[in-house]
Amino acid sequence: MTSLILPSNDGGTREYRLQGGTSWARPTAPLTARRAYAAAHVIPEVLADNTPGAPARLDWDATMAYRHELWSYGLGVADAMDTAQRGMGLDWAATQQLIKRTGVEAAWVVSAGNPATAGKSVRDLVSCGAGTDQLDIDALPAGEAGIQAVLEAYREQIAVITEAGPKVILMASRALARVASSPEDYLNVYSTLLQEVDQPVILHWLGTMFDPALAGYWGSDDVAAATETFLGLIKDNADKVDGVKVSLLDASHEVALRAALPEGVRLYTGDDFNYPELIEGDGSHHSDALLGIFAAIYPAASVALQNYDAGNPAKAREILDSTRELGKHIFSAPTFYYKTGIAFMSWLNGKQPGFQMVGGLHSGRSVCHLAKTFELADQAGLLKDPALAAFRMSDYLRINGVGV
């Protein structure tokens with residue numbers, strides 16, 4: 001059995017013996033009991049600048065291959081989202097290319113007759129985030145001019161996604177948070193956009209643990225007041241809302257919101273801590289999923305969803321529960337660095353040539369944190385080739401001075 005020396009938080013080291021990988025079966029038919037998206041990360045060229053503020057240069061072959069891997073397990077892909085480093089290194093020029101390429105690749109999967117996605121449309125396979133990150137928020141005018149600038153920025157991004165084919169996810173906007181002065185400003189922007197789109201969209205409410213610049217979203221720092229505004233928007237535009245993704249890491253809030261949604265509007269959980277029980281549901285309602293953690297645990301997530309389809313909810317829940325500690329660790333504070341853990345697992349599993357991230361974000365977690373990520377991934381059976389993962393982990397530790 002493979003073993004290696006891992007660092008401890010107390011400054012020491014310890015021997016760790018790997019448990020070995022688990023064989024996770026791909027589905028042979030579309031997943032139907034729950035609708036699930038994995039929010040995918042991006043992989044940069046290893047020789048690109050990859051420093052904060054540098055233009056993003058992506059390894060397109062590796063980035064697209066990761067999306068095909070997710071599709072092969074029957075999962076949808078939520079692309080150009082915060083997991084793809086929107087607002088944290090992925091600039092609008094690279095984002096446009098990502099959206100266009102993902103739309104093309106999703107269409108290819110359908111036409112190729114992949115058994116896990118047979119009969120699915122491109123729109124069901126992939127959704128992409130529309131935001132306003134092409135704006136310089138420090139240069140935004142105040143008042144109505146600023147609101148109009150936000151509206152036009154959203155329109156530009158929606159047009160790119162619509163032309164490429166995926167479904168639109170209306171992401172939370174730092175620019176709108178900067179210029180809005182009341183709940184009415186949010187309602188005016190979102191209502192206008194919802195009336196203009198040609199297909200129902202997913203609304204994304206991202207909490208401050210993921211992005212501190214979004215404080216006071218929906219016009220209030222009080223979650224109950226913000227929720228009232230949010231629900232009012234949805235109820236007034238229910239025919240234009242496919243679902244809502246709420247990333248507040250508050251399971252009780254999600255359960256209450258889920259029950260209050262109009263019929264036909266989905267709740268896509270964005271709770272990377274409490275997703276097992278939220279996806280399982282309470283007997284009356286369940287959450288679907290649009291999760292960053294699914295980009296790391298996708299083989300296990302797929303098999304869990306396959307068990308829901310097969311009428312085995314206890315087994316499905318057991319599998320999801322087995323990944324919980326890994327999810328809690330990857331998304332631990334500061335939560336906005338969760339992307340580093342997802343990229344690290346991608347590298348350990350041989351899905352990218354180097355442990356690099358756009359904007360230097362691979363430095364967002366400590367050596368001890370990533371060592372624990374390795375350990376928890378192994379315990380969840382999510383190291384596809386344990387020998388390769390151990391070899392790469394050993395290299396990472398050595399170049400960071402562990403055991404030298």
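Student: At what angle do helix 14 and helix 15 pack in this predicted model?

Tutor: Helix 14 spans residues 367–379 and helix 15 spans residues 386–399, helices being DSSP runs of H or I with at least four residues, numbered from the N terminus. Their axes, lines fitted to C-alpha atoms over the stretch in contact, are 11 Å apart. Because angles over 145 degrees, on a scale from 0 to 180 between N-to-C directions, count as roughly antiparallel, helix 14 is roughly antiparallel to helix 15. The packing angle is about 170°.

Student: How many nonpolar residues does the contact of helix 14 with helix 15 have?

Tutor: Contact means heavy atoms within 4.5 Å. Helix 14 contributes Val367, Leu370, Ala371 and Phe374, and helix 15 contributes Ala389, Ala390, Met393, Tyr396 and Leu397. Ala, Val, Leu, Met, Phe and Tyr are among the residues classed as nonpolar. With no polar and no charged residues, the contact has nine nonpolar residues.

Student: Is His285 buried or exposed, and what is its relative accessible area?

Tutor: His285 lies in the loop between helix 9 (275–280) and strand 10 (288–291). Beyond its neighbours within four places in sequence, His285 is in contact with Arg258 and Ala259. Buried means under 20% relative accessible area and exposed over 50%, with partly exposed in between (1.4 Å probe, protein chains only). His285 is therefore partly exposed, at 34%.

Student: On what basis are residues numbered and features accepted?

Tutor: Residues are numbered from 1 along each chain as its sequence is written, and side-chain values use heavy atoms, without hydrogens and water. Local features need pLDDT of at least 70, totals for chains, interfaces and linings use all residues, and side-chain atom pairs count only at pLDDT 80 or more.

Conventions
Helix = DSSP H or I, 4+ residues; strand = E, 2+ residues; numbered from the N terminus. Parallel < 35°, antiparallel > 145°, perpendicular 65-115°, else oblique.
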